[in-house]
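User: I should like to learn how to read the ligand site, the pockets and the cavities of a protein model. Could you take me through them in order?

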Amino acid sequence: MSDDDARAPLLPYEWPGSYVLGDEEVAAVSDVLRARSLFRFYGHDLQHYADRFEAAYRLRLGRRHCLAVNSGTSALAIAMGMLDVGPGDEVLVPGYLWVSCLAAVVRAGAIPRLVDIDDTFTMDPDDLARKITARTKAVLVVHMSGATGHLDRIVAVARERGVPIVEDVAQANGGTFRGEPLGSFGDVAIFSFQYNKAITAGEGGLVACDDTALYRRAFALHDLGYPRDDDGRLDTDDASAQGWGMGARMSEPTAAVLTVQETKLDALVERLRALHARLAGGLASLSSATLRATADPAGGNGSFVIVTWPDAASCREIVARTRRAGVRPGPDGLNNVAFEDWGLHLYHHNVGLVEKRGTSTRGYPWTDPANAFARGYAYGRGSLPRADDLFARSSLLAVPPSLTEDQADTVVEAFAEAARSLGSA
Ligand SMILES: Cc1ncc(COP(=O)(O)O)c(C=O)c1O
C-alpha cells in the first residue's frame, strides 16, 4: 500500500515491552556481565537469573514447573516432544495462528489439521468437537492477538475426549480467562518474549506444566537430551525422560532482562487494557464496525483491537484511508493492517502448508506411510469458511502502550471519518 501524499505517522511503534525497558534491565544485565557468568548452569559467579525468572512465572501462573527457553518457536517444538507427537498423529490447530504452530507439528512428523475460528478469532469449539478423533494427539489452542475465546468450552471438548491441550500464550501474555491467568489452562503452555510481545528480551520463550514427568522431558529436549540433577549434572539413567536435545536454553543476559520485565507486566497490561477500552469503545460506536467478540471482556491483555467491516472492499478502503490520515507507525512497524496483509497469521498464507512441503526435499512427514490418512487434506484458501470471511473483512490495530489518550481519540476519529466518507458510519 502506498502512503504517498499521506500525513505523518501518528502511531508510536507497537512493541510494548520495549517502552518499559529501563535502568533496572541495564543493571540486571550488568550483573551478569560483571559476574562473567552468561550461561545458566555454571559460571564464575552465577547470578541465577534464569532460575529467578522461572520462579516468577511459576508464581504468576500457579504452575508447578516453568522452563525458560530461547524462543516461543522452540517452546512449541518442545511441547510436541513432551506429548510424544509423531508420525500417525494429528494436532488440531486454529485457522488464525502463527507459522511456528504449524512448524512444531510438521517437524515432529505429525499432521496439522485445521479447525475453523469463530467471531472471537480463536478456535471454534463446535468445529473442534467435529474434528477431534482418535488420531488427535493434541489440541493447540492459540490465544491470538491478545485474547482467548470460548476457552471453557474448548477445554471441555478436549477433556471429554482425553486429548491434551497445548496453550499458546505468545500473543496474550498477562491476559486472563475468568480471572485465571492464560497459561494455567493447558496441560502444557508456551510463551514468547520476542520483540513484538507484551514483555520482551528481543527473543525468549517459556514452557509451563504441572506434571513432573512432562517437565523432565521438556528439560531434556531444551538442553542436551537428558534431564539434569540438582547440581546441574546430566542424568543419563532415566530413559523415559530422554529425548534428542535442541540446545534451546535461555541465556543469563536474556533471563536478566526478562526477570525485570516480568515485574512490569501487570502495569503494562493495565495500561494496554485502558487504551484498548478507549479505542474499542470509540470504534464500537460506528455502525459499520463490529468489534471482535469475547467470552470474557475483562480478560484480554489489551494488545490488539480487531474490527470487522461490512465487506472486503470497505475494509481495505477504511484501512487505506486511515493510514493516509496518519494511523500507521514508522517504516519498521506493522500496524493498522487489513487481515489479508497480516502475513503468516492466516492459515492459507502459509504456502509451505498449502503445498504440503516437508522437512526436507523428500517431503516427510506428508510422505510418511503412517500419515497416509492425511492425503486428502487441503489447506488452501476456502478450507475454513468462517475464517475466510472474517479475514476478508477485518482489520487489526496493535495498541502501543505509549499512545496518549488524545492520540487514541484521533485514531478513532480517523476511522469515523473514513467510515463516514464511505457512507457506512
Ligand atoms: C502465536 C505465536 N506462537 C508462537 C510464536 C513464536 O514465538 P517466537 O517468535 O519467540 O519464536 C509467536 C511469535 O512470533 C506467536 O505469535
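Analyst: The discussion below moves from the ligand to the pockets, then to the cavities and the backbone.
This is a predicted model, in which local features need pLDDT of at least 70 and side-chain atom pairs count only at pLDDT 80 or more, while totals for chains, interfaces and linings use all residues. Residues are numbered from 1 along each chain as its sequence is written, and side-chain values use heavy atoms, with hydrogens and water left out.

User: Which residues come nearest to the ligand?

Analyst: A residue is near a molecule if one of its heavy atoms lies within 4 Å of it. Here 15 residues surround the ligand, and Gly72, Thr73, Asp168, Ser192 and Lys197 come nearest. By class, this shell has five nonpolar, eight polar and two charged residues; Ala, Val, Leu, Ile, Met, Phe, Trp, Tyr, Cys and Pro count as nonpolar, Asp, Glu, Lys and Arg as charged, and the others, Gly among them, as polar. Helix α3 (residues 72–82) supplies the largest share of the shell, three residues. Helices (H or I, at least four residues) and strands (E, at least two) are DSSP runs numbered from the N terminus.

User: Which side chains have an N or O atom close to an oxygen atom of the ligand, as Thr73 does?

Analyst: A polar contact is a pair of N or O atoms within 3.5 Å; within protein, one must be able to donate a hydrogen and the other to accept it, and residues adjacent in sequence count only if both atoms are side-chain atoms. In this model the side chain of Thr73 places an N or O atom 2.5 Å from a ligand oxygen. For Ser192 the corresponding distance to an oxygen atom of the ligand is 2.7 Å, and for a polar side-chain atom of Gln171 it is 2.8 Å. The ligand taken alone exposes 380 Å², of which the protein buries 92%; accessible areas come from the Shrake-Rupley method with a 1.4 Å probe, and for residues only the protein chains shown count as cover.

User: In which pocket does the ligand sit?

Analyst: Pockets and cavities are found on a 1 Å grid over the protein atoms alone: a cavity is a set of points where a 1.4 Å probe fits but cannot get out, a pocket is an open set with protein on both sides within 12 Å along at least five of seven lines, and lining residues have an atom within 4 Å of a point. A molecule sits in one if more than half of its atoms lie within 2 Å of its grid points. The ligand sits in the largest pocket, which has a volume of about 610 Å³. Grid points are joined across faces, edges and corners, and a volume is the space filled by probe spheres set on the points. Of the 34 lining residues, Gln171, Gln194, Asn196, Lys197 and His345 are the closest to the centre of this pocket. The lining comprises 15 nonpolar, 14 polar and five charged residues. Its largest share, three residues, comes from α3, while α3, α4 (99–107) and β8 (188–192) each supply at least two.

User: Which residues lie nearest the centre of the second largest pocket?

Analyst: They are Arg40, Phe41, Tyr215, Phe219 and Asp229, out of 19 that line the pocket. The elements that give two or more residues to this lining are α2 (49–61), β1 (65–69) and α7 (212–222). Helix α7 gives the largest share, four residues. The second largest pocket holds about 420 Å³ of space, and its lining divides into six nonpolar, four polar and nine charged residues.

User: How many cavities of 30 Å³ or more does the structure hold?

Analyst: There are two. The largest cavity, of about 40 Å³, is lined by Leu283, Val305, Val307, Trp309, Ser395, Leu396, Leu397 and Phe415. Strand β13 (394–398) gives the most to that lining, with three residues. Seven of the lining residues are nonpolar, one is polar and none is charged. The second largest cavity has a volume of about 30 Å³; its lining has two nonpolar, six polar and one charged residue, including Thr148, Leu182 and Asp296.

User: Where is the cis peptide bond in the backbone?

Analyst: The bond from Tyr364 to Pro365 is cis, with omega near 10°. Pro365 is placed in the loop between α10 (351–354) and α11 (385–393). A further backbone feature is His48, a residue other than glycine with a positive phi, near 60°; His48 belongs to the loop between α1 (23–34) and α2.
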